Amino acid sequence: MSVNLQTPIDYLKGVGPNRADLLRKELGIHTYQDLINLFPNRYIDRTQYYKINQLQRNNADVQVIGKITSFKEVAQKRGKRLVGTFQDDTGTMELVWFRGQKWLKDSLILNKTYVAFGKTNWFSGKFNMAHPELELLEDHEKNMRSAMQPVYPSTEKLNNRGITNRVINKIMQQLFLETKGRFTETLSDNLRSELKLISKQSALFNVHFPKNQELLSRAQFRLKFEELFYIQLQLIIKNLIHKSKIKGFPFNQVGTYFNSFFKDHLPFQLTNAQKRVLKEIRADLGSNAQMNRLLQGDVGSGKTIVAFMSMLMALDNDFQACLMAPTEILSVQHYNGLLEWCNKLNISIEILTGSTKTSKRKIIHESLENGELQILIGTHALLEDKVKFKNLGLAIIDEQHRFGVKQRSKLWKKNKLPPHVLVMTATPIPRTLAMSVYGDLDISIIDELPPGRKAIKTVHRFDKNRLNVFKFIRDEIDKGRQIYIVYPLIKENEKMDYKDLMDGYESISRDFPMPKYQTSIVHGKMKPADKDYEMQRFIKGETQIMVATTVIEVGVNVPNASVMIIESAERFGLSQLHQLRGRVGRGAEQSYCILMTSHKLSANSKTRLETMVRTNDGFEIAEVDLRLRGPGDIMGTQQSGVLNLKIADIIKDNYILQLARHHAKSVLKIDPSLALPENQVYLNTYKQLSKFKNIWNYIS
Ligand code: ADP
Ligand code: MG
């Protein structure tokens, strides 16, 4: 009889209730299955021997055969350390001990051959190994270890309570004994032979008890592929079900609004990327399925006009459209921008935000319900229950990373049939990550900036160069330009940050005195009306300097502003820096971004600053960001489950992900319902996985 892998871990011999409890709490291991899926972080390879001249600066645990030729004692701050010179036929390294020196000196024999095992460090031009495990070669050969030792993830508590790596290794062995190492295959024979993947059984065995490096690599590859393959399979199935089940309003015609705007009112020629994306959206809207599309485009790439023209398609088919933005400032700006175009086309448009007056609100609610109002712009206020559309056909969400998934679906529920949904973001995420996070969305990318833009020049300056920076600001203002100065505002540091902001504002006002210079200030604690007033002054060019916190991060468009100064730039994340920089470079003039920092910088901050100085490419910046931070902080990943990967790494195993996606797609293309006999294995695994949502929580 085969063992049920859903058996609670308590039943495994050698585990028992106490250990089971710890395993559950510390590692989330509830069942046999969970234990099998506890994969080692790394392996100690004691099957290989390294020559001293082969050692790499990689901190690996290695073993080296050689002789101790001499000892010396080196005085240090507290006490002394014992250093042995260790030699083989290729060179020498040092063995170092900080404790137990007398005993060591007495028991170790000079000029006899030892196997030294441990982590190597590179220190003043030489490798050393601190507190190595030492064994005489002759003893070592008697009890040679033929296999690599896996090192499992652990916690301090587990170690303290005696569940060491060895214990985990033992219970893993027990599990393989009880199950006889038989595990159901989850990939088809065809696929396995095509990709030369080893069997599930062999892969699981070798990942826990690898005989050699090659088998280990093949085991890992097979398991990573499988994990990513099933994520993709599920995402694609979800997308297919969505498309077949969720009917959308077909927008059959491109009509007067769209055509007249395109012919008579287009303010500039669309870029090829904008045209391509509009075609993609048009195809979705014309089909019977509901559109669910993510539009990615770097700051300034021109997403707004694409959004507007999509709304015109809705209006042409007698539907309403709405556009939701994360902040009041941004909503107002969208409204003002679109109002101009709407007036030309005789379209009714309104704005609804937290600060809309009750009387005005009433009018909006009414005209929305009776269908007189065609386009509604606004903030979260759009989500309130009172806001009812007559027939909402298209909902657009700008800067989607500011909203949660829940809010997105709330917009949906405003109709009997869900409206088409377009979410736009200027925070590019690497394509492969987007595939796993938003695999259920279709993705369009604007990868081209409007012509004539000059690349923004970015420099990094230390605080002590502030006078030069001020001189530069003065020169730019004399040329008629406007300046942003942005301060960080981090929640846990709020008081200090506000103080910095106000100090900065005062110092700027002193160095740039009225009436020659006018300075605006905008921050989150101001009343919306005051914020708007200051913002408008800057937009109209009445003030030359805008001192602000990151409230201006998203979307603000003042083409005449040509300098962005970011204070304490080391405290900002890369994507935030990139967003902020995107506020300038919107006009014809050369623009600049100046990153001000103190002298003390972490390695991580240095990389961020260097990246900003080196490139303007949002996708490249996103890749660096992903490497620095890991996927955890990237938008959407929290909900997506890519963080719960058991063995694959969304960044390092990128190409396996692409391979897996490719094959998942091909399977479903031929057999979308997984009905063919050779695909039964996928259907069964898919059902199995859907049952245990705790692991696969992206199936919402
Ligand atoms: P974002 O993608 O950051 O939302 P916007 O839609 O705000 O970018 O566009 C940025 C600026 O570029 C706006 O001033 C807009 O009018 C202008 N713009 C957009 N598309 C084009 C184009 N094809 N040619 C010239 N200017 C354009
Ligand atoms: Mg925008």
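1. Overall build. Of the 700 residues in the protein chain, 52% are buried. The model is predicted. The chain holds 25 helices and 21 strands. Along the principal axes, its C-alpha atoms fill a box of roughly 95 × 70 × 45 Å.

2. Domains. The assignment gives five entries. Domain 1 takes 1-46 + 145-179, and domain 2 takes 53-137. Domain 3 is made of 212-245 + 647-691. Domain 4 is made of 256-286 + 302-425, and domain 5 covers 457-615. Domains 1, 3 and 4 are thus each written as two segments. The centres of domain 2 and domain 4, taken over C-alpha atoms, are 70 Å apart.

3. A long span. Glu-141 sits in helix α4 (residues 137-142). Its relative accessibility is 53%, so Glu-141 counts as exposed; the cut-off for exposed is over 50%. Glu-141 and Ile-377 are 236 residues apart along the chain. Their C-alpha atoms are separated by 77 Å.

4. The ligand shell. Ligand 1 is surrounded by 16 residues. The closest are Gln-269, Gly-300, Lys-303, Thr-304 and Arg-453. By class, the shell has four nonpolar, eight polar and four charged residues.

5. Ligand contacts. Which residue places an N or O atom of its side chain 2.6 Å from an oxygen atom of ligand 1? That residue is Thr-304. Gly-302 contributes a polar backbone atom, 3.1 Å from an oxygen atom of the ligand. Gln-274 serves a nitrogen atom of ligand 1 instead: a polar side-chain atom of Gln-274 lies 2.9 Å from it. Taken alone, ligand 1 exposes 570 Å², and the protein buries 82% of that.

6. Backbone exceptions. Most residues other than glycine have a negative phi, and most peptide bonds are trans. Three sites in this model deserve a look on that score. Ser-124 is not a glycine, yet its phi is positive, about 30°. Leu-674, also a residue other than glycine, has a positive phi near 55°. The peptide bond joining Met-514 and Pro-515 is cis, with omega about 0°.

7. Where these sites sit. Ser-124 is in the loop between β5 (113-123) and β6 (126-130). Leu-674 is in the loop between α24 (654-670) and α25 (680-691). Pro-515 is in the loop between α18 (494-511) and β18 (519-522). Are the two positive-phi residues, Ser-124 and Leu-674, buried or exposed? Ser-124 has 66% relative accessibility, so Ser-124 counts as exposed. Leu-674 has a relative accessible area of 1%, so Leu-674 is buried.

8. Helix α18. The helix before the cis-proline loop also holds Lys-495. At 79% relative accessibility, Lys-495 counts as exposed. Lys-495 and Ile-508 are 13 residues apart in sequence. From C-alpha to C-alpha they are 20 Å apart in space.

9. Aromatic pairs. How many aromatic pairs does a search of the whole structure find? The search finds 21. One of them joins Phe-229 and Tyr-682, with 5.2 Å centre to centre and 45° between the planes. This pair is tilted. Phe-229 belongs to helix α9 (residues 213-245) and Tyr-682 to helix α25, so the pair ties together parts that are 453 residues apart in sequence. Phe-229 and Tyr-682 are both buried.

10. An edge-to-face pair. Phe-261 and Phe-308 have ring centres 5.1 Å apart. Their planes are at 70°, so the pair is edge-to-face; planes over 60 degrees apart get that label. Phe-261 lies in helix α10 (residues 256-265) and Phe-308 in helix α12 (residues 303-316). The pair links distant parts of the chain, 47 residues apart. Phe-261 is buried, as is Phe-308.

11. An aromatic cluster. Ring pairs also join Phe-176, Phe-183, Phe-205 and Phe-209 into a cluster.

Definitions and conventions: Residues are numbered from 1 along each chain as its sequence is written. Chains are lettered from A and ligands numbered from 1 in the order in which they are written. This is a predicted model: local features need pLDDT of at least 70, side-chain atom pairs count only at pLDDT 80 or more; totals for chains, interfaces and linings use all residues. Side-chain values use heavy atoms; hydrogens and water are left out. A residue is near a molecule or strand if one of its heavy atoms lies within 4 Å of it. A polar contact is a pair of N or O atoms within 3.5 Å; within protein, one must be able to donate a hydrogen and the other to accept it, and residues adjacent in sequence count only if both atoms are side-chain atoms. Accessible areas come from the Shrake-Rupley method with a 1.4 Å probe; for residues, only the protein chains shown count as cover. Ala, Val, Leu, Ile, Met, Phe, Trp, Tyr, Cys and Pro count as nonpolar, Asp, Glu, Lys and Arg as charged, and the others, Gly among them, as polar. Domain bounds come from an automatic or database domain assignment. Helices (H or I, at least four residues) and strands (E, at least two) are DSSP runs, numbered from the N terminus. Buried means under 20% relative accessible area, exposed over 50%, partly exposed in between (1.4 Å probe, protein chains only). Rings of Phe, Tyr and Trp (its six-membered ring) pair if their centres lie within 6.5 Å; planes under 30 degrees apart count as stacked, over 60 as edge-to-face and the rest as tilted.
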